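Student: I've got a model to go through with you. Can we work from the strands outwards?

Tutor: Sure, let's put it up and start.

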Amino acid sequence: MLKIDNLHVRTGGAEILHGLTLAVNAGEVHAIMGPNGSGKSTLAQAIAGHEDYEVTDGSIEFLGEDIAELDPEERARAGLFLGFQYPVEIPGVNNAYLLKAALNARRKQAGEDEIDAYEFLKLAKEKMALLGMDPKFLNRGVNEGFSGGEKKRNEILQMAVLEPKLAILDETDSGLDIDALKAVAQGVNALRSPDRAIVLVTHYQRLLDYITPDFVHVLSGGRIIHSGDKSLATELEDRGYDWVVEAATA
Amino acid sequence: MNALDIDKLRAHVEGLPGGGLDAIRQQAVATLAETGLPSTRDESFKYTDLSEIGQLSRTWLEHPTRGQVSAETERRIADVTAIADVDWLVIANGDLKAALTRSLPGLSLERLSESPPPLPALQPLTALNAALLEDGLVIRVGAGQQRPLGLLVVDDASEAPGLSQLRIDIEVAAGQSLELVEYYLSTGDEAHYSNAVLHLELGQGSAARHLRLQDRSVRHSQTQRLDVTVGRDAAFTSASFDLGGRLTRNDLNIDLPRAGSRAEVAGLYLSGDGQHVDNHTLVDHRTGPTVSRQEYRGILFGRSRAVWNGKAMVHEGADGTDAEQANHNLLLSEHAEIDTKPELEIYAEDVRCAHGTTVGQLDERALFYLRSRGLDADEARRLLVHAFAVQVLAAAPVDALKPHLDALLDTKLATINDASLSI
């Protein structure tokens, strides 16, 4: 599904990722954890194709194709989804309009017809019910005046409607109360399937109480320095990151 | 001084039909002989050069002609008057005859020459208007007015360069309400200049909801001045859309002389290659409590320029004034220029005044967000430009015009070409 090899990424005049390697197969859920400033968001942005994040070496393969030179919209249409740490407010662009345009962009890529208005509304309302979202959010501006929790639910709503092959969720748990966290986790768990992969980028272990990862990686200093199963997350919560960092540099 | 040929002007004025407007015309010619047209040395015309208009006026005065209304013009008129639930008064090439034959519930229409206004203090452009005016329209709004009143002003410059003057005075009686649309169009490829002067007087407890739509051709320049006097507990709500034109200068002067009077003004201007749009507003808070709100938005692309000068004047004794001004601009080209200036002058106590202006490009974060959802870059840019504009549209009064305005705006935004957007 996703194969990252020796990835070097520069942004803001500095190299942040120094040779990161990671493989994610279909059906797997990976958690990438690490201290602040370790390069977690840089990794997420680089995979999604933000032009401020320059790949200077190495490769990112998605579904067997090197995507490092593709535009962000081409990656999205191929089935890649990034859940933003800070979803952007866009007053004047209707939430339902964006959702429908995004879905149709994917369907067009897949050679399918555009979804009709009735089917779309049915689908959107069904997914909103799953996430405990009021349907009135469909008619608001994109994230306009949404609370932190509402913004994150809206990200998960987009993911649920788009049904990506690979979802990367960047700090989706930050700033959420327990109800919102559960709703988000439910949305993610509903999407787990043998032909889909999910990468959770997170600072805390809290989200992993509700979404059980198959693999946990520690990102530090721009590289993955340690990998394990779900028990690693608990150990990190108990012992912090220092011991892994020290072991890796020793 | 921007010179007019004053002898030719005087000769032309002497040839106009006599009657009630003679005295004001004489006064206007005398004023113009002294002042000429505004030049860029005048503070309020610092960024707006009327010399092309002066040149056109001179040429026109040598051979004053008025072309016939073309089939194309008839078609444009038919398109607009087909908009349902609006009573349209059509003024083509300054001719008021068709408008004066209309009989509409709750409205009285008469010629300005039949009840000439007292001699006013004239500025150069209102003097030019008064001097060359053949006649104007006086509209009184009483009880029983049901549908929005539409003023469709069309100037046809398909045969010769032209000049037209428009003067309309509207009075809304106490306690009555008016929905008013001003719609300006032009046809033909010759140069044209129109100069409109309007007065709107709102009686105690009355309300006016006003929409101004300017979609002139790129060969057409227009100066327009609207003076509004808002009575006690009366409200003026307005949105203006400048979507076309070569050089456009709007002066909106709002007088709030009585307690409880309120003005809410919004505006959107688009300016592309070769265009120039200048909006000057002035709100006089003469007593309190009075409220004014101004929000103008501009989208500039290509080689173009826009000017916004919004002023709130809080006079001595206008305690309890609440005034806000905002001007936001989207610059989509490095060749576009905006001069924006909010002004506040305060001589009262206990006032709440705020102003803010912004000038910027499309939000890169929003652009990436939309692209990360699969929208291509051009589509994402168009969506963000539309989102910027649509916020003025959402607040626009006169619901009957909304679908038309929505479609027109879409068409105009689609002409902002990719080259402009990608800079």
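Student: Which residue stands opposite B:Leu330 in β18(B)?

Tutor: First, a word on the source: this is a predicted model, where local features need pLDDT of at least 70, side-chain atom pairs count only at pLDDT 80 or more, and totals for chains, interfaces and linings use all residues. Residues are numbered from 1 along each chain as its sequence is written, chains are lettered from A and ligands numbered from 1 in the order in which they are written, and side-chain values use heavy atoms, with hydrogens and water left out. Now, β16(B) and β18(B) pair in the parallel sense over 9 bridges (strands pair if DSSP finds at least two bridges between them; strands are DSSP E runs of at least two residues, helices H or I runs of at least four, numbered from the N terminus). Opposite B:Leu330 in β18(B) you'll find B:Gly360.

Student: And what is the bridge partner of B:Ile299 in β16(B)?

Tutor: Look at strand β14 (residues 290–300) of chain B, which pairs with β16(B) in the parallel sense over 11 bridges. For B:Ile299, the partner in β16(B) is B:Leu330.

Student: Why is strand β16 of chain B called largely enclosed?

Tutor: Buried means under 20% relative accessible area, exposed over 50%, and partly exposed in between (1.4 Å probe, protein chains only). Strand β16 of chain B covers residues 321–331, and it is largely enclosed by the rest of the structure because the buried ones number 10 of the 11.

Student: How far apart in sequence are the parts that B:Glu110 and B:Arg140 tie together?

Tutor: Their side chains meet in a salt bridge at 2.4 Å, N to O (a side-chain nitrogen of Lys or Arg within 4 Å of a carboxyl oxygen of Asp or Glu). B:Glu110 sits in strand β2 (residues 107–111) of chain B and B:Arg140 in strand β3 (residues 137–141) of chain B, so the parts they tie together are 30 residues apart.

Student: Is B:Asp255 buried or exposed?

Tutor: B:Asp255 forms a salt bridge with B:Arg286, with the closest N and O atoms 2.6 Å apart. The pair links distant parts of the chain, 31 residues apart: B:Arg286 is in the loop between β13 (276–285) and β14 of chain B, and B:Asp255 in strand β11 (residues 247–256) of chain B. B:Arg286 is partly exposed at 37% relative accessibility. At 18%, B:Asp255 counts as buried.

Student: Which residue does B:Glu295 form a salt bridge with?

Tutor: B:Glu295 is partly exposed, at a relative accessible area of 32%. The closest N and O atoms of the pair are 3.0 Å apart, and the partner is B:Arg297.

Student: Which residue does a cis peptide bond join to B:Gly288?

Tutor: Most peptide bonds are trans. Here omega is about -5°, and the residue joined to B:Gly288 is B:Pro289.

Student: What is the phi of B:Asp350?

Tutor: B:Asp350 is in the loop between β17 (337–346) and β18 of chain B, and at 66% relative accessibility B:Asp350 counts as exposed. Although B:Asp350 is not a glycine, its phi is positive, at about 50°.

Student: Where does A:Leu63 lie?

Tutor: A:Leu63 also has a positive phi, near 55°, in a residue other than glycine. At 42% relative accessibility, A:Leu63 counts as partly exposed. Its place is the loop between β4 (54–62) and β5 (65–66) of chain A.
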